[in-house]
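Here is a short briefing on selected parts of a structure. Keep the sequence and the 3D view open while you read.

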Amino acid sequence: MTVKKDKGRKALLILLLIFPLLLAGCWNNRPLTEINIVAGMGLERTEDGKILVTVQVAEPGAIQPASAGGGSGGEKSKPVFVASNEGETVFEALRGMLAVVDKKLFLSTAQVLIIGEKLAQEGIGEILDFFERDYEVSYLVDVIVAKDATPDELLRIESDMDTIPAVYIKGTVENTAARGTVKKTLLIDLFKDMDCKGRQPTAGQITKSSDKEVRTEGLAVFRDGKLAGWLNPYETRGFLFANNELKGGIVNVPVDNGKAAFEIIRSKGSVSVEVEDGKPSMLIIRVNAEANVGEYGSGGRLDSLETLYMLEEKLGEEIGKEIEMALEKCQKEFASDIFGFGIYLHKYYPKCWKEVENDWHNIFSKLPADIRVDAKIMRVGLVINPVGKGE
Amino acid sequence: MGKTRISGLQLFMLLSGFLFGSTVILAPALGAKNDAWLAIIIGGTGGALLMLIYAAISLLNPSKTLVEILKEKMGKVLGSIIAVLYIWYFIHLASLVFRDFGEFICTVTFPETPMTVLISIFALGVVYGVNGGVEVMGRMGELLVPIIPTFILIVSVSLITVNDFTAFLPVLENGMGPVLKAALSYITFPFGETVAFLMLFPNLNRKEKLKKIVFVSAALSALISIVIFFRDISVLGSDLMSRVTFVPHSTTLLFPEANVDPLVDINLMIGGEAKIGVCIYAATKAISQVAGIENYTNLTRAVGAFCVVLSVWDFENVLDLFSWTERIYSYYAITFQVIIPLILLVLSLIKRSKPAEGSDADNEGVIASK
């Protein structure tokens, strides 16, 4: 009898061990060969008010290492294809695309999400909801706004540099973000700022520079979820200085007979608001930057501390100018607080914030600003004095 | 009765797992927004006190389960009626946790798998564990529950780079009202739910440790909830945090370069297992004691199946579940979690339980004279 019971138990145990295997496989498991791997997505508003969704799909089979592809003269299959579809909602357009593509679209692999200028001007709040709600698109995808080009055009470029254009675009965003002229914006950053009255969302800017190349520089400024305007690369850098998001960059400073270039190594920025009698009275921006001398060919001798101090002052002035340009544009042209002064007020002066909250755009754009930049030059490089200026 | 014994550590782990239960996916006290940490501190203190009351009840009535205490203090008839209500409460609680679990997995991991299938497979494991008895559950807790804080710590530490540490400011923007309300809901969920442990406390091998165990696990649970809150608000910001469905899950989505939401899922499975296991155990044990059935294990399958059915029936959709938990649950639960235990405590203090056999008759006399 006991043997029988033991057998029954063993059978049960085996059965229970099989269950976890079932759990591991998804109900709707899809092998790699049955999905379309999406590399990039684009969204644009069409003339008649619909949403045009473009996807760039990578074909894993057609991607070959550059060395292998060169020799054979035969026609290669293209590594990517681009498809687009219209719909009244993002989701509908995306699903409707299955009428033109053969396999289901797999969105988790998307590298970039390009938002068209027209759509951005009309407001991105509604379309973002899908990306927020849907579990498939990664929250960490790069978002960029297209200027003077539609996302469709941008995704259809054929880059020489990377077989998959979306990967190429993402690469340029990362490069320029390291130079401080574009802000690397993740989808989650937009979600965070979208509903926040104390800071307006911003996103990187992308333009088409030739048939094969794009240029990612500048910043798209939003106001209440709608595109308000653009900042140029220098203003973008000013904004990043103030916002403590600058990773590095080259700042030119006028010297004796030309310009010298300084490389920013470290920078720390903070924004705050001065409150007087329960009312915001002054916007304050403080930046501490550390830089190295990168190029000093047109300058004079560099071996005295006085020169260095003078250069530090000039560098601070240059950075201050960039910040001022950015702030002025945001105040006068866009009336959009992208710096997060409102968040500061909300955090440290909640009572004051309650009063100004609903009129913050106007109040922000009229406040005077106090920008102070403290630049330090740490190192001068391998030589001290430039050519012809030595002893 | 009372042959199965669990050690202090096992009870502690089981209790902690129970407290983590669903709170690892549904961040507690979110009603207070930025001040949730205050609500957690207040609620945690209240919760610890409440759990100490349960411990006191159990200590005043040594080696008696909730049903036996109820019968002794309130008389056979009234005690049995209240015991039946408690059975309902435990079953309902188990079904609620099942539902939380199912909704989470369906939303996040397996959107096209029917929820019934997920819950049923989960229930199989839980019922199997409960069938093994208190000792098996205790050992399982000992083995698995330490994983929960470990994973929480791993995720929290790894996310330090994407933090805005001042995100929880300003303090008390909307006054104390929402904080107290959230604290109340935090007391009832999860602390008050440990009333189910009144069916388990008699199995502890060393009674003198009970109060310490209860207090430490409550404090630990509140502490970890605070850590989770600060992590989540630093990563998501208060605006986004008030909009997302499952806060800790959304936080893990931001984990750089890796997909770590299985770490949250595993926590849910372990915590949910402990919680549902204890609830089903409490319910079946209570049924067997009310109905006078010798071996409770015969009932676990039936009760487990009933919980699964109930969990699917309870609510039409996920929002129904949330709004019910948010609005009604606190008040519904207070009867079982606070009022009846308090009455029991008072009765226990007035009439110290006497081991003599005559006490039953005495009690009946008291009830009858009322």
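Start in chain A, in the loop between α9 (233–242) and β11: that is where Asn244(A) lies. Keep in mind that this is a predicted model. From that loop, the briefing moves to a sheet, then to helix pairs and the contact between the chains.

**Two residues with positive phi**

- Most residues other than glycine have a negative phi.
- Asn244(A) is not a glycine, yet its phi is positive, at about 60°.
- Is Asn244(A) buried or exposed, or something between? Asn244(A) counts as partly exposed, because 15 other C-beta atoms lie within 10 Å, and partly exposed is the class between 12 or fewer and 20 or more.
- Chain B offers another case: Ser63(B) has a positive phi near 50° and is not a glycine either.
- Look for Ser63(B) in the loop between α2 (36–60) and α3 of chain B.
- Ser63(B) has 15 C-beta neighbours inside 10 Å, so it counts as partly exposed.

**The sheet in chain A**

- In which order do the four strands of the open sheet run? The order is β11-β12-β13-β14 (chain A), and the pairing is mixed.
- Two strands sit at the edges, β11 (249–255) and β14 (369–379) of chain A, and each of them pairs on one side only.
- On average, neighbouring strands of this sheet are turned by 40° against each other, direction ignored.

**Strand pairs and hairpins in the sheet**

- β11(A) and strand β12 (residues 258–276) of chain A run antiparallel and are joined by seven bridges.
- Two of the bridge partners can be picked out by name. Pro254(A) has Lys259(A) in β12(A) as its partner, and Asn252(A) has Ala261(A) in β12(A).
- β11(A) and β12(A) make a hairpin, with two residues between the strands.
- How many bridges join β12(A) to β13(A)? There are 15 bridges, and these strands run antiparallel.
- Within β12(A) and β13(A), find Ser272(A): the residue opposite it in β13(A) is Ile284(A).
- β12(A) and β13(A) also form a hairpin with two residues between them. In that turn, Asp277(A) has a positive phi of about 50°.

**Helices on the sheet**

- Helix α10 (residues 305–334) of chain A lies across β11, β12, β13 (279–295) and β14 of chain A. The helix runs at about 140° to β14(A).
- Helix α11 (residues 341–348) of chain A packs on the sheet too, where it touches β12 and β13 of chain A. Its direction makes about 40° with that of β12(A).

**Two helix pairs in chain B**

- Two packed helices are described by the angle between their axes and the distance between the axes.
- Take helix α3 (residues 66–74) and helix α4 (residues 76–108) of chain B: they pack at an angle of about 150°, with axes 7 Å apart. That angle is why α3(B) is roughly antiparallel to α4(B), since angles over 145 degrees fall in that class.
- α3(B) and α4(B) cross in a right-handed way.
- Residues in the contact include Leu66(B), Val67(B) and Leu70(B) of α3(B), and Leu78(B), Ile82(B) and Tyr86(B) of α4(B).
- By class, this contact of α3(B) with α4(B) has eight nonpolar, two polar and two charged residues.
- Next, take helix α8 (residues 176–188) and helix α15 (residues 329–350) of chain B: their axes come within 9 Å and cross at roughly 50°. That makes α8(B) oblique to α15(B).
- The crossing of α8(B) and α15(B) is left-handed.
- Leu184(B), Ser185(B) and Thr188(B) in α8(B) meet residues of α15(B), among them Tyr329(B), Ala333(B) and Gln337(B).
- Four nonpolar, four polar and no charged residues make up the contact of α8(B) with α15(B).

**Where the chains touch**

- Chain B gives 18 residues to the contact, and chain A gives 18 residues.
- On the side of chain B that touches chain A, α5 (115–131) and α10 (238–241) of chain B each supply at least two residues.
- Which element gives the largest share of that side? It is α5(B), with three residues.
- The residues on this side of chain B divide into eleven nonpolar, three polar and four charged.

Terms used. Residues numbered from 1 in each chain as written. Chains lettered and ligands numbered in written order. Predicted model: local features only at pLDDT ≥ 70, side-chain atom pairs only at ≥ 80, totals over all residues. Axes fitted to C-alpha atoms, helices over the stretch in contact; angles between N-to-C directions. Parallel < 35°, antiparallel > 145°, perpendicular 65-115°, else oblique. Left-handed = near helix turned anticlockwise from the far one by under 90°. Contact = placed C-beta atoms within 7 Å. Nonpolar A, V, L, I, M, F, W, Y, C, P; charged D, E, K, R; others polar. Pairing = 2+ DSSP bridges.
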